[in-house]
Amino acid sequence: ELAAFMQVKSQRCLPSTPLVIFKKMNTLSISQYALQTKILNCRPRSSIKIQPQFGRQADQSLSKKAHLCFKSSNFKRRSIVQNSAISESVEKQNFITRPEVEDAIQQSLGNNLVETDLQMGTKTVGKVRDFYDLGDLLVLITTDRQSAFDRLLATVPFKGQVLNETSTWWFENTSHIVPNALLATPDPNVAIMKKLEVIPVEMVVRGFMTGSTDTSLWTHYNNGSRNYCGNILAEGMVKNQRLPKNIITPTTKEIEHDRPITSAEIVEQGLMTQAEWEGVSKAAMELFAFGQAEAAKRGLILVDTKYEFGRDGQGGFYLIDEVHTPDSSRYWVKDSFDARHAQGLEPENIDKEFLRLWFRDNCDPYKDEVLPEAPAQLVSELSRRYIRLYETITGVDFVPASGGSTLRPADRIRANVEASLKELYAIKSLRGRYLRPSGAAPKPDAQTSKMPQSQTSHPTKVAVLMGSPNDLPKMKGAVDMLRQ
């Protein structure tokens with residue numbers, strides 16, 4: 001009865017799994033009992049009294065009788081066993097946005113970061129980001145513009161901040177797999193990166209048969225294709241089904257409309273050398289596997305994503321743009337996926353897919369000249385989902401960029417960028433190259449708990465020189481002496 005009440009399915013529980021065993025009381029049905037009491041994790045052979053839920057006082061006679069216990073000899077065979085080990089990350093999917101964040105979302109509707117003007121460098125406007133080319137540096141400002149189907153659909157409160165800060169977290173936590181171009185994040189909406197030659201191919205990695213755009217795997221499969229970007233697909237697959245293994249389905253990077261392409265065509269057309277393809281595809285697959293593992297720890301499924309890379313002109317390549325954001329990736333809720341898939345329902349998602357589906361249902365987003373305006377409720381919900389994903393992945397409470405600042409967003413961004421550039425230029429003048437002002441430490445190898453070989457192959461001597469900017473001329477002399 002309790003299992004039906006909680007809408008859960010029975011599953012085998014390992015001895016080490018926390019268990020909750022309920023005994024049906026004479027005075028109360030199990031359903032009423034579950035409503036009035038808080039379910040607690042219980043270790044084997046322990047005995048814990050039920051506590052009232054949300055401060056309600058349970059009946060005194062019930063609280064004396066009701067116990068959680070693993071002494072099976074005292075229970076009838078009909079006792080119901082339910083695994084109560086629910087991860088924190090899954091529980092977070094059901095929370096209501098904090099009042100201060102919800103207020104900020106509502107106040108920002110129609111007043112989002114749409115355009116930028118740093119008044120420096122050469123500006124290029126992308127679908128979501130504005131790029132400022134400063135010669136050997138790029139300043140990327142992530143706006144609140146929401147695009148899909150190669151079009152602008154809406155503007156979403158704090159979307160740019162979520163994308164930028166989520167990317168920063170992933171950049172810092174994947175540098176042991178592949179180096180990245182990130183140098184600084186001086187503002188919630190800004191990333192400063194090394195300028196590289198962009199490889200004109202998006203590395204799309206997929207773990208499931210899904211999607212709704214023209215370049216999605218499901219769209220091609222549903223239209224009869226069984227060979228997509230060189231990947232042979234079996235007959236009889238259904239939408240949202242897990243693939244036998246992760247695959248790469250690269251697309252070209254084009255202004256108007258990206259197009260699928262095979263690895264052989266990439267090399268034939270000179271978009272990459274064979275060595276570059278092998279290195280970049282290996283890095284993409286490792287990044288995706290790492291992302292899936294980290295997402296699973298947080299009760300999520302990383303379904304698919306895209307990566308972009310840049311060349312340094314010396315035979316090396318770097319991860320650029322963004323990593324595992326709700327814009328570049330699809331995330332589903334792990335806890336409910338199997339049950340919903342078995343019922344033919346769409347998975348619970350924490351990305352922009354539901355907005356894509358709304359436009360699919362209300363217009364032809366590829367052909368209609370004018371698109372309908374996205375409802376405010378949908379835009380607000382998308383903002384909540386983006387914020388929820390950021391908090392779930394990083395474990396950090398989201399703080400709106402506008403909080404506590406008296407500056408207009410444009411002025412705030414410009415001031416933060418100028419201060420960061422001064423610091424980066426000072427570092428370059430001292431070290432001869434750009435370095436992160438405060439980079440994350442290298443991550444140990446997961447299997448050996450040792451630092452990567454590249455980090456330990458040469459002993460390092462460190463000298464710290466302290467002073468004000470006025471001391472830089474003297475410090476340069478000291479640096480030259482130390483180098484000698």
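The exercises below concern a predicted model.

**Exercise 1.** How are helix H5 and helix H12 oriented to each other, and which residues make the contact?

Solution.
- Two packed helices are described by the angle between their axes and the distance between the axes.
- For H5 (residues 99-108) and H12 (residues 376-394), the angle is about 135 degrees and the axes lie 10 Å apart.
- Angles over 145 degrees count as roughly antiparallel and 65 to 115 as roughly perpendicular, with the rest, from 35 degrees up, as oblique. H5 and H12 are therefore oblique to each other.
- The crossing of H5 past H12 is right-handed.
- H5 contributes Val101, Glu102, Ile105 and Gln106, while H12 contributes Ser380, Ser383, Arg384 and Ile387.
- By type, the residues of this contact are 3 nonpolar, 3 polar and 2 charged.

**Exercise 2.** Is arginine 412 buried or exposed, and how far is its C-alpha atom from that of aspartate 187?

Solution.
- Arginine 412 belongs to helix H13 (residues 409-431).
- Buried means under 20% relative accessible area. Arginine 412 has 11% relative accessibility, so arginine 412 counts as buried.
- Aspartate 187 is 225 residues away along the chain, and the two C-alpha atoms are 8.1 Å apart.

**Exercise 3.** Which residues of the largest nonpolar core touch the most other members, and which helix gives the largest share?

Solution.
- The largest nonpolar core has 41 residues, and those touching the most other members are Met203, Met272, Tyr307, Phe309, Leu319 and Tyr331.
- Helix H9 (residues 274-297) supplies the largest share of this core, 8 residues.
- Beyond four places in sequence, methionine 272 touches several residues, including Ile199, Met203, Trp277 and Arg311.
- A second, separate core has 26 residues, among them Ile105, Leu355, Tyr390 and Phe398.

Definitions and conventions. Residues are numbered from 1 along each chain as its sequence is written. This is a predicted model: local features need pLDDT of at least 70, side-chain atom pairs count only at pLDDT 80 or more; totals for chains, interfaces and linings use all residues. Side-chain values use heavy atoms; hydrogens and water are left out. Axes are lines fitted to C-alpha atoms, for helices over the stretch in contact, and angles run from 0 to 180 degrees between N-to-C directions. Helices (H or I, at least four residues) and strands (E, at least two) are DSSP runs, numbered from the N terminus. A crossing is left-handed if the near helix is turned anticlockwise from the far one by less than a right angle, and right-handed if clockwise. Contact means heavy atoms within 4.5 Å. Ala, Val, Leu, Ile, Met, Phe, Trp, Tyr, Cys and Pro count as nonpolar, Asp, Glu, Lys and Arg as charged, and the others, Gly among them, as polar. Buried means under 20% relative accessible area, exposed over 50%, partly exposed in between (1.4 Å probe, protein chains only). A nonpolar core is a set of buried Ala, Val, Leu, Ile, Met, Phe, Trp, Tyr and Cys residues joined through side-chain atoms within 4.5 Å.
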